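Open the model in your viewer and keep the selection tool at hand. This tour makes a few stops.

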Amino acid sequence: MYFQDEPEHITMLRNSLQRFIEKEAPREKIRAWDKIAYFPRTELFDKYGPMGITGLTVEEKYGGAGIDIVAAIAVVEEFAKRGGAVAAPYIHCAFYGGLNIGENGSQAQKQEFLPKIARGELVFAYGLSEPDVGGDLASVMTTARLSADGAKVIVNGTKRWCTAIKDADWLFCLCKSDADAPRYQNLSMVLIPAKSPGITVHTIDHSCIRYAQTTDAILENVEVPVENVLGGTEGWNNGWKMLAGRALDVEKLETAACALGIAWAAVDDAWEYAQERKQFGKPISAHQAVRHALVEAKTKLQACRHMLYHAAWLANEGRPCSVETSMAKLFVADTGVEIVMMCQRVMGAYGLAVDYDMERYLRDIVCFPIVGGSSNMQRNNIAARLRLAT
Ligand SMILES: Cc1cc2nc3c(=O)[nH]c(=O)nc-3n(C[C@H](O)[C@H](O)[C@H](O)COP(=O)(O)OP(=O)(O)OC[C@H]3O[C@@H](n4cnc5c(N)ncnc54)[C@H](O)[C@@H]3O)c2cc1C
């Protein structure tokens, strides 16, 4: 696969997405939505199904286009160039829903959910983090227990940073399902309707990727049928395998694709700005320090792109790729921060003005070394996978 052109269908896809963005997601709209942390379900998300892109993570037998991870990652990248409000609704359906259920769902869950995901009808939220649990997800304290007749699952606990639950149809809730079982064998992922009785939601105000409200979701005696355990009855106490499996590999890629898109947009804006802004009688792009900064940013961007798409290609081929996906997540997120900061400096004070997008890119990019498995967690994963002695 060394040095091939991008497949033509993906280039065509990018072109049509760019046209869509220019028409449906102008910069002013994204800025306005960012201010109020608005999830554009009707304005954008409802159009994704008819475009065929939510089917890119669903097999044809369930009504999808067939799984094409490279194409789906390209969608995230293109959408993220304009903003989280464009990319994230896609991720909450095609990745959180499509890949996760396609990989880990029971037969009944695949038949129920995947056709609707392919049609772009469902939004999923993730309830993994908790007030006392961040990277150490195996320590979640939200409990899931079976009712006396075994027909229902009853969930209690608090999920933190639960993004877009107010706009979602379903919540994936990671629960401790057996207090006595060993670590990693005591977790279940439960699919809970997002508006279930017993769920109360409090907004957490924050500064980055404001495409929806992020919340504390408190679950008090929330009841769902036992069939809602992800993977069905076989999924009971098997949640860790689902979290750490192939769906996680792709989750790292989708997060990296967002970071790449944001960094790309920052370089584009700074590149253009530097040729228009004049100081000392010439465009600032003519000053060597600024030229070098822009070229360095573009070079780093190219490295990020190679890392990401190589890992995406491995995942698409079904090859083992947890090292490469962790490396891509680590490198693109950390380098993305460097790139955007360089671009902000090129734009000087205007790189911090709210009428320009650069200040949003800066606010957004800083969360990528944290979310989707922090950079340190990726370093830990890579060291462990490569069996570095402890
Ligand atoms: C805007 C936003 C949206 C989010 N949306 C969601 C969501 O929808 N659903 C959800 O479940 N969560 C969500 N999160 C939470 C996110 O997944 C967590 O922030 C992330 O998992 C890290 O957890 P933490 O912030 O509690 O950091 P911690 O785990 O407390 O880590 C803090 C620092 O310590 C380091 N550290 C921790 N353990 C180790 C270790 N073993 N070795 C080396 N370093 C370590 C970390 O790298 C980090 O730098 C969101 C977060 C943000 C900011």
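Select helix H5 (residues 84-104) and helix H8 (residues 246-276) in this predicted model. Their axes come within 9 Å and cross at roughly 165°. H5 and H8 are therefore roughly antiparallel to each other, and their crossing is right-handed. Now show side chains. On H5, the contact is made by Ala-87, Ile-91, Phe-95, Leu-99, Asn-100, Glu-103 and Asn-104. H8 answers with Arg-246, Ala-247, Val-250, Glu-251, Glu-254, Cys-258 and Gly-261. Colour the contact of H5 with H8 by class: seven residues are nonpolar, three polar and four charged.

Keep H5 and add helix H3 (residues 41-51). H3 and H5 pack at an angle of about 50°, with their axes 10 Å apart. That angle makes H3 oblique to H5. The crossing of H3 and H5 is right-handed. Arg-41, Leu-44, Phe-45 and Tyr-48 of H3 make the contact with Val-86, Pro-89 and Tyr-90 of H5. By class, the contact of H3 with H5 has six nonpolar residues, one charged and no polar.

Next, go to the ligand. Which residues come nearest? Of the 20 around the ligand, they are Leu-128, Gly-134, Trp-161, Ser-374 and Asn-376. Select strand S1 (124-127), strand S3 (152-163) and helix H12 (375-385): each supplies at least two residues of the shell around the ligand. Colour the shell by class to find ten nonpolar, ten polar and no charged residues.

Last, colour by domain. Domain 2 (126-237) and domain 3 (245-385) both give residues to the shell around the ligand, so the ligand lies between them.

How values were computed: Residues are numbered from 1 along each chain as its sequence is written. This is a predicted model: local features need pLDDT of at least 70, side-chain atom pairs count only at pLDDT 80 or more; totals for chains, interfaces and linings use all residues. A residue is near a molecule or strand if its C-beta atom, placed from the backbone, lies within 6 Å of it. Helices (H or I, at least four residues) and strands (E, at least two) are DSSP runs, numbered from the N terminus. Ala, Val, Leu, Ile, Met, Phe, Trp, Tyr, Cys and Pro count as nonpolar, Asp, Glu, Lys and Arg as charged, and the others, Gly among them, as polar. Domain bounds come from an automatic or database domain assignment. Axes are lines fitted to C-alpha atoms, for helices over the stretch in contact, and angles run from 0 to 180 degrees between N-to-C directions. Angles under 35 degrees count as roughly parallel, over 145 as roughly antiparallel, 65 to 115 as roughly perpendicular and the rest as oblique. A crossing is left-handed if the near helix is turned anticlockwise from the far one by less than a right angle, and right-handed if clockwise. Two residues are in contact if their C-beta atoms, placed from the backbone, lie within 7 Å.
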